[in-house]
Amino acid sequence: MVKVDLSGAQPFFDAAGPDYAAAAEAHRLLASGSGAGHEFTGWRDLPRRMAETELKPIVRAARTIRSESEALLVVGTGGSYLGARAAIELLRGGNYNQRPGEHPVYFLGNSLSPDALNELIAVLGDRDFCVNVISKSGGTLEPALGFRVAKALLEQKYGKDGARRRIYATTDANRGKLHDYAVREGWETFTVPDDVGGRFSVLSAVGLLPMAAAGIDVEAVIQAAAQELEGLDLRAPENPAWQYAAARQHLYRRGKTIEILASYEPAFRFMAEWWKQLFGESEGKNGIGIYPASVEFNADLHSMGQYIQDGPRTLMETVVSFETSRTRYAIPFEPGDPEGLNYLAGHDFAEAQRAAASAVKAAHIAGGVPNLGVSVPARDEAGFAALVCFFEMACAISAYMSGVNPFDQPGVEAYKKNMFQQLGAL
Ligand code: PA5
């Protein structure tokens, strides 16, 4: 289970401290289905439902994709994109697509850049590929246009029938343009459940099919997620989701309006992108909300370190860590000790990383930045599942604590409408 460490935030709390009574009330609203947006709380038992329904077909489809093609193109954006990419980068590594012998997963449909599209086509080359198009609404501009390109490429290579067998559509079970298109064309389909919003959908086929195609053990993910959600139902201040939600809401009320999510693990980069959507879309409404930002340490210590240490004191920092690293690498001895670092020789890089993290934490706290620690035992399927469930639960509780509906996104709908209007004028 996720552990939360509030020791680095404690000095910034007032005497009353985080409001666990408000967290309890938010949890009650969520669990009783009486809060705003309650019709989108199906993520709370999604792992159990997946195990009973689509999990096996997803594993089967992924096996086919892996055996009959050399790459998968995943077309989607926002909640239909970030979770899968986050999982693949976290669990298989940021350089996964470049590693020999792997089955690459490429993403498109999240921009309208012709350069990005042409580059992806060049990277794909003449390899055999399949396409997984993902859109809950079935009407989002970027993936709809991206899919036109992907489908045309498939048809050029395999003909209409060959292409049909290589397209997997993940969308609403009963309605929408993509749903209707898939039924007409006879593509294999998977479901985005009605009661699960895009940013909470990574543990549905939205995330699981691309993850399985990348060789992730999605059965282990789902099993761990079901357990984690059970644990997160605890109604007490020991619940890590309560601790995190209540602490960040407390700090927000004390002027810490920006939260930076940091990790010392480069493979975490897209998890932070997923987290930003989760919290940004859930909390940023009605003129309030903590602004979710992210940094990647150590790299960003050399770019954003100055601002964090010394800029406006509106920041809080949440650091996600993995208690063990997957591999070891001893710092080499260098004859002549040109940089004066031979005292580190033989120590593992992970030791140096831990020392750096503890030094940075102390400096940031001294500089006025509250530090919240979030950790899981390992960067593996269970660790990923735990982080996803923890952040989803904490996000819903935190949003209810601040009085907003965690599950709608009126702002996203507004720009989507405007975009179609502008395009009509082309
Ligand atoms: O959370 C949201 O609503 C958005 O970010 C959507 O996930 C994104 O716009 C993609 O929507 P769809 O899956 O309907 O194509």
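This tour moves from the whole chain to the ligand and its surroundings.

The model is predicted, so local features require pLDDT of at least 70 and side-chain atom pairs pLDDT 80 or more, whereas totals for chains, interfaces and linings use all residues. Residues are numbered from 1 along each chain as its sequence is written, and side-chain values use heavy atoms, without hydrogens and water.

First, colour residues 3-35 + 232-408 as domain 1 and 39-217 as domain 2; these bounds come from an automatic or database domain assignment. Their C-alpha centres lie 29 Å apart. The contact between them (heavy atoms within 4.5 Å) takes 29 residues from domain 1 and 22 residues from domain 2.

Next, select the ligand and the residues with a heavy atom within 4 Å of it. This shell has 13 residues, and the closest are Ser 80, Ser 135, Ser 137, Thr 140 and Glu 281. Nine of the shell residues are polar, four are charged and none is nonpolar; here Asp, Glu, Lys and Arg count as charged, Ala, Val, Leu, Ile, Met, Phe, Trp, Tyr, Cys and Pro as nonpolar, and the others, Gly among them, as polar.

Then display polar contacts (pairs of N or O atoms within 3.5 Å). At Gly 79, a backbone N or O atom lies 2.8 Å from a ligand oxygen. At Lys 136, the corresponding backbone distance is 2.7 Å. At Ser 137, a side-chain N or O atom is 2.6 Å from an oxygen atom of the ligand.

Terms used. A polar contact is a pair of N or O atoms within 3.5 Å; within protein, one must be able to donate a hydrogen and the other to accept it, and residues adjacent in sequence count only if both atoms are side-chain atoms.
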